[in-house]
Structures are given as structure tokens and as C-alpha cells.
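Let's take a friendly walk through this structure together, one part at a time. Keep the view open beside the text and look for each residue as it comes up.

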Amino acid sequence: MPSSSLPKRLVKGNLPTKLCLTCGRPFEYRKKWRACWDEVKYCGEKCQRNRPPTSSAA
């Protein structure tokens, strides 16, 4: 089920981008993220492993 925020047809020169929450660099949409683009927050596995700690301490 494609995301509603994405156009029906993605063209290589016009892909959506996001900023990585860890490194702050922009990264582009990938085909493997088709089903979960709204949930993607990090540009790669290394940034996901080194994500900043959450400030919600009980």
C-alpha cells in the first residue's frame, strides 16, 4: 500500500528527501522504503545505531 504523501510515479531526478535525525544530512527515497517511507528517520544503519538518546527518563 503506497503512502499518500508520495506521488503515484517517482522519477529518478525528482525523489522526496528527508533529513537524518542523527547526522542531519539529507537522504533520498529508496525503493526498499516504499511501504514505510513515513516511518523512515535515519539515512542508514550506522545512524540508526548511533541515534541520540531519548530525553524521557522516568
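A residue counts as buried when its relative accessible area is under 20%, as exposed when that area is over 50%, and as partly exposed in between. F27 has a relative accessible area of 7%, so F27 is buried. We will come back to this residue several times, but the overall layout deserves a look before that.

What you see is a predicted model. The mean pLDDT of the protein chain is 85, and 84% of its residues reach 70 or more. Among the elements of the chain, strand β1 (residues 17-19) has the highest mean pLDDT, 96, while helix α1 (residues 45-49) has the lowest, 94.

How many helices and strands does the protein chain have? There are one helix and two strands. Starting from the N terminus, they follow the order β-β-α. The chain has 58 residues, and 17% of them count as buried. Some contacts reach a long way along the sequence: of those between residues at least 6 apart, 18% join residues at least 24 apart.

Now let us go inside. The largest nonpolar core is made of nine residues: L6, C20, F27, Y29, W33, W37, V40, Y42 and C47. F27, met above as a buried residue, is one of them. W37 belongs to the core too, and with a relative accessible area of 4% it is buried because that value is under 20%.

Aromatic rings are a good thing to look for here. A search of the whole structure finds four aromatic pairs. F27 and W37 form one that is edge-to-face, with 6.0 Å from centre to centre and 75° between the planes. Which parts of the chain does this pair tie together? F27 lies in strand β2 (residues 26-28) and W37 in the loop between β2 and α1, so the pair joins parts that are ten residues apart in sequence. Ring pairs also link F27 and W37 with Y29 and W33 into a cluster. W37 has a charged companion as well: K18 lies over the face of its ring, 4.6 Å from the ring centre.

Next, turn to the segment before β1, where you will find L6. Is L6 buried or exposed? Its relative accessibility is 14%, so L6 counts as buried. Leaving aside neighbours within four places in sequence, L6 is in contact with P16, Y29 and W37. L6 and D38 are 32 residues apart in sequence, yet their C-alpha atoms are 9.5 Å apart in space.

P16, one of the contacts of L6, also lies in the segment before β1. With a relative accessible area of 21%, P16 is partly exposed. Beyond its neighbours within four places in sequence, P16 is in contact with L6, L10, F27, E28, Y29 and W37. P16 and F27 are eleven residues apart in sequence, and 8.6 Å separates them in space, C-alpha to C-alpha.

Another core residue to visit is Y42. Setting aside neighbours within four places in sequence, Y42 is in contact with C20, L21, T22, F27, W33, C47, Q48 and R51. Among these contacts, C20, F27, W33 and C47 are also listed in the nonpolar core.

The cysteines raise a question of their own: how many disulfides does the structure hold? The number is zero. C43 is in no disulfide, and the nearest cysteine sulfur, that of C47, is 3.6 Å away. A disulfide needs the two sulfur atoms within 2.5 Å, so this pair does not qualify. At 22% relative accessibility, C43 counts as partly exposed. C36, at 30%, is partly exposed as well.

Our last stop is helix α1, where R49 is found. With a relative accessibility of 61%, which is over 50%, R49 counts as exposed. R49 and T22 are 27 residues apart in sequence and 9.5 Å apart in space, C-alpha to C-alpha. T22, in turn, is one of the residues in contact with Y42.

Conventions: Residues are numbered from 1 along each chain as its sequence is written. This is a predicted model: local features need pLDDT of at least 70, side-chain atom pairs count only at pLDDT 80 or more; totals for chains, interfaces and linings use all residues. Side-chain values use heavy atoms; hydrogens and water are left out. Buried means under 20% relative accessible area, exposed over 50%, partly exposed in between (1.4 Å probe, protein chains only). A nonpolar core is a set of buried Ala, Val, Leu, Ile, Met, Phe, Trp, Tyr and Cys residues joined through side-chain atoms within 4.5 Å. Contact means heavy atoms within 4.5 Å. pLDDT is the predictor's confidence in each residue, from 0 to 100. Helices (H or I, at least four residues) and strands (E, at least two) are DSSP runs, numbered from the N terminus. Rings of Phe, Tyr and Trp (its six-membered ring) pair if their centres lie within 6.5 Å; planes under 30 degrees apart count as stacked, over 60 as edge-to-face and the rest as tilted. A charge sits over a ring if NZ of Lys or CZ of Arg is within 6 Å of the ring centre and within 35 degrees of the ring normal.
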